[in-house]
Amino acid sequence: MDIQEKRRRWRKSSREWKKRNADQVRRKNFTYANSEHGYLMGVWHALNRGNRQAANPDRKYAKKKTVRTNLTRDLFFKLAYDYKERMGGWISGYTGKPMTMKRAMGISGPKRHIHYDNLSVDRLDNEKPYTYENIIFCTWQENNDKGAMPIKLMRRVLEIIEERKNEAP
């Protein structure tokens, strides 16, 4: 029996075991996904979705917005853990609020709800990709509130606010 045949048999037996023990597998996956490393791995995969989409333009998701990342997995984890050490925990870079790492999926199935204080990775300049210089760790709510506003527009909004302050009677 050659090595490919052994691997095929092992994969088949592994799939069968997972089907028979689905509840145990679900609990183990849930536990890992809610660990710090598991949560960060999920964030890493979400960041790299743009790279996969750009590499596979024929796929069904090719029409979706793609944002490239120039971060390797090792660099991303180094940045994350250095950030945690520098801030003294998982603290938002924008507001200083503590961040959580709770998965949106429940253990019993796909009951999803959003945890607004969850850690998120935001691009400081939305016109640039995810790079070492262009990311900040913040809460999901802060990232969502900032939206995709370009820096030029942010500056213009601040200029208008300052102009109106000076014009006020």
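**Note on the predicted model**

1. Tyr 81 counts as partly exposed, at 29% relative accessibility (buried means under 20% relative accessible area, exposed over 50%, and partly exposed in between, with a 1.4 Å probe and protein chains only). The model is predicted, so local features need pLDDT of at least 70 and side-chain atom pairs count only at pLDDT 80 or more, while totals for chains, interfaces and linings use all residues. Residues are numbered from 1 along each chain as its sequence is written, and side-chain values use heavy atoms, with hydrogens and water left out.

2. Tyr 81 pairs with Phe 77, and the structure holds 8 aromatic pairs (rings of Phe, Tyr and Trp, the last by its six-membered ring, pair if their centres lie within 6.5 Å; planes under 30 degrees apart are stacked, over 60 edge-to-face, the rest tilted). The pair of Phe 77 and Tyr 81 is tilted, with 6.2 Å from centre to centre and 35° between the planes. Because the two residues are 4 apart in helix 5 (residues 73–87), about one helical turn separates Phe 77 from Tyr 81. Which of the two is buried, at 10% relative accessible area? Phe 77 is buried at that value, whereas Tyr 81 is partly exposed.

3. Both rings belong to one aromatic cluster, formed by Trp 44, Phe 76, Phe 77, Tyr 81, Tyr 83, Trp 90 and Phe 137. Elsewhere, Arg 123 lies over the face of Tyr 130, at 5.3 Å from the ring centre (a charge sits over a ring if NZ of Lys or CZ of Arg is within 6 Å of the ring centre and within 35 degrees of the ring normal).

4. As to the overall architecture, the protein has 7 helices and 4 strands (DSSP runs numbered from the N terminus: helices are H or I with at least four residues, strands E with at least two). From the N terminus on, the order is α-α-α-α-α-β-β-β-β-α-α. Of the 169 residues, 29% are buried.

5. The count of salt bridges comes to 11 (a side-chain nitrogen of Lys or Arg within 4 Å of a carboxyl oxygen of Asp or Glu). In helix 5, Lys 84 forms a salt bridge with Glu 36, their closest N and O atoms being 2.9 Å apart. This pair links distant parts of the chain, since Glu 36 is in helix 3 (residues 36–47) and the partners are 48 residues apart. Lys 84 is partly exposed at 28%, as is Glu 36 at 27%.

6. Arg 9 forms a salt bridge with Glu 5, with 3.2 Å between the closest N and O atoms. Because the partners are 4 residues apart in helix 1 (residues 3–20), about one helical turn separates Arg 9 and Glu 5. Arg 9 is partly exposed at 46% relative accessibility, and Glu 5 is partly exposed at 22%. Glu 5, Arg 8 and Arg 9 are linked in a network of salt bridges.

7. Helix 7 (residues 151–167) contains Val 157, which is partly exposed at 35% relative accessible area. Val 157 forms a nonpolar surface patch with Met 149, Leu 153, Leu 158 and Ile 161, about 410 Å² of accessible area together (patch residues have over 30% relative accessible area and no salt bridge; like charges are joined within 9 Å, nonpolar side chains of Val, Leu, Ile, Met, Phe, Trp and Tyr within 5 Å; areas come from the Shrake-Rupley method with a 1.4 Å probe, only the protein chains shown counting as cover for residues).
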